[in-house]
Amino acid sequence: MGTTLDIAIGLVSVFFLLSVLCSAIYEALAGVLRLRALNLAQSIEIMLADRALDPHVLRSLAARDAVARGAAEPREPITTRFIRRAAELVRVRVMPGPPPSPLAAALRQHPLIKDLKYGWVGPSYIPSHAFVAALIDTLRHIDWHDGAAPSLPQAGAAAPAPLLVSGAAALAATPAPAPAGAAAPAPAPADAAAPSPPASAAEPSPPPASDAAPAPPAGGAAPAPPPAGAAAPPPGGGAALPGCDEEPLDELKGLIERMPRESDLRRALATIVDSTVRDMREANIRLERWFNDAMDRAAGRYKRRTQLIISATALVLCIGFNADSIKLASALSRDAVVRAGMIAAAQEMAKSAPRAAPHESGLETDEDVMAALSQGGGAHSQLTGLDLKITWGVQAPEQTSAPGLWKAFSAILGQGVVAWIRGVLDRLLSPGILITAAAASLGAPFWFDLLNKLVNLRTVGKSPEPYEPPKGAGPDNSVNR
C-alpha cells in the first residue's frame, strides 16, 4: 500500500507540473494575442450581425467620416495597423462566426466602449449598462431613411439665415400683379378668409407677442393640452426642440419602429421592449439581461476553445518531454531512491497553490503575461529537475518498420528530418503518451487538489510508539497487548 501510494504521488506530481506548464503557455498566448478581446468582439458581431442594417450603417459612417476627414488626425503607426489587420483576419477567418458587422464596428468606436480598450484589439470586458447606452446612442445617430443622406455643407460655408428663408418663401407665395386690361380676378369663395388689411391701415397696432393671448385655431376648437411629461414650448412661441416633447421610452420605441421591417435586430429589440415595459429603467434592465445572456454564451465558447488549445499544447509537451506515464510508473516502482525524491518534491509542491488564471471579465495586462511566463519557467525547472530525467528532445526509435520507405524519405528530406518524424510518430502512437496528455489537459487546480489529498493521506496520523510497561508493575499485573 505504501509503495502504490508513493507511485501515485509521483505520477500526480508530473501531471501537475505539466498542467501548470500548459496553462502558463496558454495564458501567455492569450495575453499576447488578446484572445479574450477577440472572443468578445466576435460575440458582439453575432449579436448585431444584420444584413438589413448594413446599407444604412455604412451610409451614416461614410457621412461621419466625410465630416471628420477635414480635421487633421494623427496617422496610425504601420506596426499597429499591421497587428490590428492580423487580429481582424484571425477573428474573421480562423475563429468561426458571422461576417463583420458595420453596426458592431460603429459600436466599438463609441466613446463608452473605446475608453475600455486595452491594447490594439479592443476591450476584453464591457459592462452591461455601458453596452446598452452605447447601442441606443449608436442607433440614434444612424439615418434609417431609404433615400440618400442629405448633402453636407461645404467646409467654411455659412448656413442660410432662417429669416432669409422665410422671406423668400413669402415672396414666392405672393401673386404677381395683373397686367393692364386683364380681367379682374375671380371672387373668393364664401367660406374663404378675408384678406388681412395692409400694414398702413389706420388700425391700432397689435400688442407685443409676449402679452398677446394665443389665437384659437380655425373652427373654434380649444388647443389640445400638451402630453404628460412634455416640455413646455419656448417663450414667445415657436416649435419645441427635437426630442424635448418625447419621453425616453417613447423615443426608444420610435427608434426601433424606424428601423427596417426585415431587420432581425429590430425584431429582437421590439420583443424585448414590448408594450409591457412601463418605463425606461425596466427597458434598460431587459436590454442588460439580453446582453448578459449573450456574454454567458460567449464565456462558454471561450472555455471550449481554451480546453482545445490546452489539450493540443499538452500533447506537444508530452511528445517533446517523452512523458510516458507507463514508463514513469515502472521507473518509480523499481527505484526506492527515485520514489523518495518524488515524495519530497511533491510535499514542496503542495505548499503553494498555482497562480490563478485571469478572470474572463478582467483586463489583460502585460503583468499577466509576465506572471504566466514566470510560472511556466518555474514549472519547467521543477519538471526537468526531477530524478526521472525528463528532458526535451525527440529521438528516432531503434527499430522501425518499412526501412526502405524511410530510407527513400531520408534521401529526399534529409536524415535529421526523417529521424525527427519517426520519433514523433513513435511517441504519438504510444498509449502512455496519450494517457499523460489527457491527464495534463485536466488543469492544474484538479491535480493540485488531488496532490494535497494524497500527501495528507500519506502523512496522516503518527506511527505507534513501542510499548513500555508501567513503572512498578510486576509480571502478574502487566498489561498484555
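This report walks through a predicted model of one protein chain, from its overall make-up to a few helix pairs and single residues.

## The chain as a whole

Let's start with the big picture. The chain has 481 residues, and 32% of them count as buried. Its secondary structure comes to 18 helices and 0 strands.

The accessible surface adds up to about 30900 Å², with 62% of that belonging to carbon and sulfur atoms. As for how the chain meets itself, take the contacts with a separation of 6 or more: 81% of these are between residues 24 or more positions apart.

## Helix α13 and its two partners

Helix α13 covers residues 336–349, and helix α1 covers residues 2–33. Their axes come within 9 Å of each other and cross at roughly 55 degrees. That angle makes α1 oblique to α13, and the crossing is left-handed. On the α1 side, the contact residues are Thr 3, Asp 6, Ile 7, Ile 9, Gly 10, Ser 13, Val 14, Phe 16 and Leu 17. Across from them, α13 puts in Arg 339, Met 342, Ile 343, Ala 346 and Met 349. Sorted by class, the α1–α13 contact has 9 nonpolar, 3 polar and 2 charged residues.

Now for α12. Its axis is 5 Å from that of α13, and the two helices pack at an angle of about 110 degrees. That makes α12 roughly perpendicular to α13, since angles of 65 to 115 degrees fall in that class. From α12 come Leu 332, Ser 333 and Arg 334, which meet Ala 336, Val 338, Arg 339 and Met 342 of α13. The class count here is 4 nonpolar, 1 polar and 2 charged residues. Arg 339 and Met 342 are worth finding on screen: they are among the α13 residues that meet α1, and they also meet α12.

## Helices α15 and α16

Further along sit α15 (residues 403–413) and α16 (residues 415–428). Their axes come within 7 Å and cross at roughly 130 degrees, so the two helices are oblique to each other. The α15 side of the contact is Trp 406, Phe 409, Ser 410 and Leu 413, while α16 brings Gln 415, Val 417, Val 418, Ile 421, Arg 422 and Leu 425. By class, that's 7 nonpolar, 2 polar and 1 charged.

## Two buried residues and their neighbours

Leu 107 is part of helix α5 (residues 102–108). Its relative accessible area is 2%, so Leu 107 counts as buried, the cut-off being under 20%. Leaving out residues up to four places away in sequence, Leu 107 touches Ile 44, Leu 48, Ile 113, Phe 131, Ala 134, Leu 135 and Thr 138. One of these, Leu 135, is 28 residues away along the chain, yet the two C-alpha atoms are separated by 6.4 Å.

Trp 144 sits in the loop between α7 (128–140) and α8 (162–173). Being in a loop doesn't leave Trp 144 out in the open: at 8% relative accessibility it counts as buried. Neighbours within four places in sequence aside, Trp 144 is in contact with Leu 53, His 56, Leu 139, Leu 255, Arg 258, Met 259 and Pro 260. Pro 260 is 116 residues from Trp 144 in sequence, but 7.4 Å away in space, C-alpha to C-alpha.

## A partly exposed alanine

Ala 270 belongs to helix α10 (residues 264–272). With a relative accessible area of 34%, Ala 270 is partly exposed. Its C-alpha atom is 6.7 Å from that of Ile 256, which lies 14 residues away along the chain.

## Two positive phi angles

Most residues other than glycine have a negative phi. Against that background, two loop residues are worth a look. Arg 34 has a positive phi near 55 degrees, and is found in the loop between α1 and α2 (35–48). Asn 322, which isn't a glycine either, has a positive phi of about 55 degrees; its loop lies between α11 (280–321) and α12 (325–334).

Is each one buried or partly exposed? Arg 34 counts as buried because its relative accessibility is 7%. Asn 322, at 31% relative accessibility, counts as partly exposed.

Methods: Residues are numbered from 1 along each chain as its sequence is written. This is a predicted model: local features need pLDDT of at least 70, side-chain atom pairs count only at pLDDT 80 or more; totals for chains, interfaces and linings use all residues. Side-chain values use heavy atoms; hydrogens and water are left out. Helices (H or I, at least four residues) and strands (E, at least two) are DSSP runs, numbered from the N terminus. Buried means under 20% relative accessible area, exposed over 50%, partly exposed in between (1.4 Å probe, protein chains only). Axes are lines fitted to C-alpha atoms, for helices over the stretch in contact, and angles run from 0 to 180 degrees between N-to-C directions. Angles under 35 degrees count as roughly parallel, over 145 as roughly antiparallel, 65 to 115 as roughly perpendicular and the rest as oblique. A crossing is left-handed if the near helix is turned anticlockwise from the far one by less than a right angle, and right-handed if clockwise. Contact means heavy atoms within 4.5 Å. Ala, Val, Leu, Ile, Met, Phe, Trp, Tyr, Cys and Pro count as nonpolar, Asp, Glu, Lys and Arg as charged, and the others, Gly among them, as polar. Accessible areas come from the Shrake-Rupley method with a 1.4 Å probe; for residues, only the protein chains shown count as cover.
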